[in-house]
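Work through the exercises below with the structure open beside the text. Each task is followed by a solution that proceeds step by step.

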Amino acid sequence: METRIVFHIDFDYFYAQCEEIRSPELRSKPVCVCVFSDRGGDSGAIATANYTARKYGVKSGIPIIFAKKRLEERKDAVFLPVDFDYYFEMSEKTMEIIKDYADVFEYVGKDEAYLDVTKRVDGDFKKASHLAQQIKNSIRDKTKLSCSIGISPNKLISKIASDFKKPDGLTLVSPDKVEVFLEPLKIRAIPGIGKKTEKRFSEMNIETIQELKKLDIFTLNKEFGRKSGTYMFNAVRGIDNEPVKEREARIQYSKITTLKKDSKDYQFLSENIIELCKEVHDVVIKNNRMFKSIGIHFVQSDLSNKSKSRMLRSPTANLDELQKNAIQLLKEALENQTITIRRLGVKVTELSEVQGQSDITHYF
Ligand code: DGT
Ligand code: CA
Ligand code: CA
């Protein structure tokens, strides 16, 4: 197979950076973006934080209360609620820019994409590096976002490389440098190796990729099963033949219906929502997808539109969860509803294939 050139692009501290772009005075301060829970007060978790806040040990997933403790001495620290619609918009705009630079563009998630650029740089890594710089500049001009890019012969190494130097990184791993690049890294750098797998290796005194390379395929398969074992055996050697697959950012599944009568009655509308959810769910399952965002949409009797959406904690393909959330959105949307509704819709977005970034032992 001819040598490919693949980019992995990942936006830096994405939600927090979006907030900085909207309010530039935040740039010098620690910024934490929070998912406040329904319980009120400071209960909830940090979605992400800018690099100033990270210096104090704030990171994704920790309770907001911990983050406040860690930032106690920074009186200027800012804690903002998530604004998914705005981040989506930033993501879409930026993906639109990136897409034009690829032979094949694969949207992975809101702040990530793979690009196959082999043809347009004639298989030349030096040209590829220039192209990456051009992409970074173009994004910065148009949406002000900074991102990190990994360049290598495949998706796996590029993913690791984009994470190697952050923020605003550009890491090139040419085919002859794959070994030197990978070997000193912690095994955690390999996508799919999470806390659990890391711990199991740690018990075998294996911390780095170089050390993991010493395990033969039989031992790995015995310990982790054939699928994970083989994946890891290849990964530590930088072997990955997954093609970049064309996938647009704007994929969503939705169903919309014209109601039998215009209405703002909760009972009537919720029956319709339940039905729409079933229909959307069928399509999701047929396409072997999971979704992370759920939305409902009204066309009101005066033909004006209204919509509401929410982001889940993790991707799902569960019908119950879809219905429960859609009903909740309906309740919220009806709170101050004066006008009746004519058409009603349900959509799911933030689609992913059935797999994810969770621990390897969960998804293989
Ligand atoms: P980075 O890439 O290390 O500079 O920082 P981020 O914040 O871009 O991290 P990344 O790429 O893992 O995640 C992209 C966005 O996804 C992030 O800005 C917020 C969201 N996110 C990540 N982890 C969590 C989490 O544990 N909970 C929630 N609610 N959102 C998360
Ligand atoms: Ca990111
Ligand atoms: Ca990411």
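## Exercise 1: the setting of helix α1

Of the 9 residues of α1, 8 are buried, so this helix is largely enclosed by the rest of the structure. The coordinates belong to a predicted model.

Task: determine which residues of α1 are buried.

Solution. The buried residues of α1 begin with the aromatic residues Phe14 and Tyr15, continue through Ala16, Gln17, Cys18, Glu19 and Glu20, and end with Ile21. Phe14 and Tyr15 also belong to a cluster, linked by ring pairs, whose other members are Phe11, Phe84, Tyr86 and Tyr87.

## Exercise 2: aromatic pairs

Task: establish how many aromatic pairs a search of the whole structure finds, and classify the pair formed by Tyr13 and Tyr51.

Solution. The search of the whole structure returns 10 aromatic pairs. In the pair of Tyr13 and Tyr51, the ring centres are 5.4 Å apart and the planes meet at 80 degrees; because planes over 60 degrees apart count as edge-to-face, this pair is placed in that class. As to position, Tyr13 lies in the loop between β1 (6-11) and α1 (14-22), whereas Tyr51 lies in helix α2 (residues 51-54), so that the pair links distant parts of the chain, 38 residues apart. Tyr13 counts as buried because its relative accessibility is 11%, while Tyr51, at 24%, counts as partly exposed.

Next, take the pair of Tyr86 and Tyr87, which is tilted, with 5.9 Å from centre to centre and 50 degrees between the planes. Tyr86 is buried, with a relative accessible area of 13%, and Tyr87 is likewise buried, at 2% relative accessibility.

## Exercise 3: charges over rings

Task: which residue lies over the face of Tyr51, and over which ring does the charged end of Lys68 sit?

Solution. Begin with Tyr51, whose face is covered by Arg54 at 4.3 Å from the ring centre. Then turn to Lys68: its charged end is positioned over the ring of Phe79, at 5.0 Å from the centre of that ring.

## Exercise 4: the surroundings of Ser158

Task: is Ser158 buried or exposed, and which residues does Ser158 touch when those up to four places away in sequence are not counted?

Solution. First locate Ser158 in helix α6 (residues 155-162). Its relative accessibility is 0%, and therefore Ser158 counts as buried. With residues up to four places away in sequence left out, Ser158 touches Val6, Phe7, His8, Gly150, Ile151 and Ser152. Finally, examine Ser152 again, since the side chains of Ser158 and Ser152 are joined by a polar contact of 2.9 Å.

Technical notes
Residues numbered from 1 in each chain as written. Chains lettered and ligands numbered in written order. Predicted model: local features only at pLDDT ≥ 70, side-chain atom pairs only at ≥ 80, totals over all residues. Heavy atoms only, no water. Phe/Tyr/Trp six-rings, centres within 6.5 Å; stacked < 30°, edge-to-face > 60°. Helix = DSSP H or I, 4+ residues; strand = E, 2+ residues; numbered from the N terminus. Buried < 20%, exposed > 50% of the residue type's maximum accessible area, 1.4 Å probe, protein only. Lys NZ or Arg CZ within 6 Å of the ring centre and 35° of its normal. Polar contact = N/O pair within 3.5 Å; in protein donor to acceptor, adjacent residues only side chain to side chain. Contact = heavy atoms within 4.5 Å.
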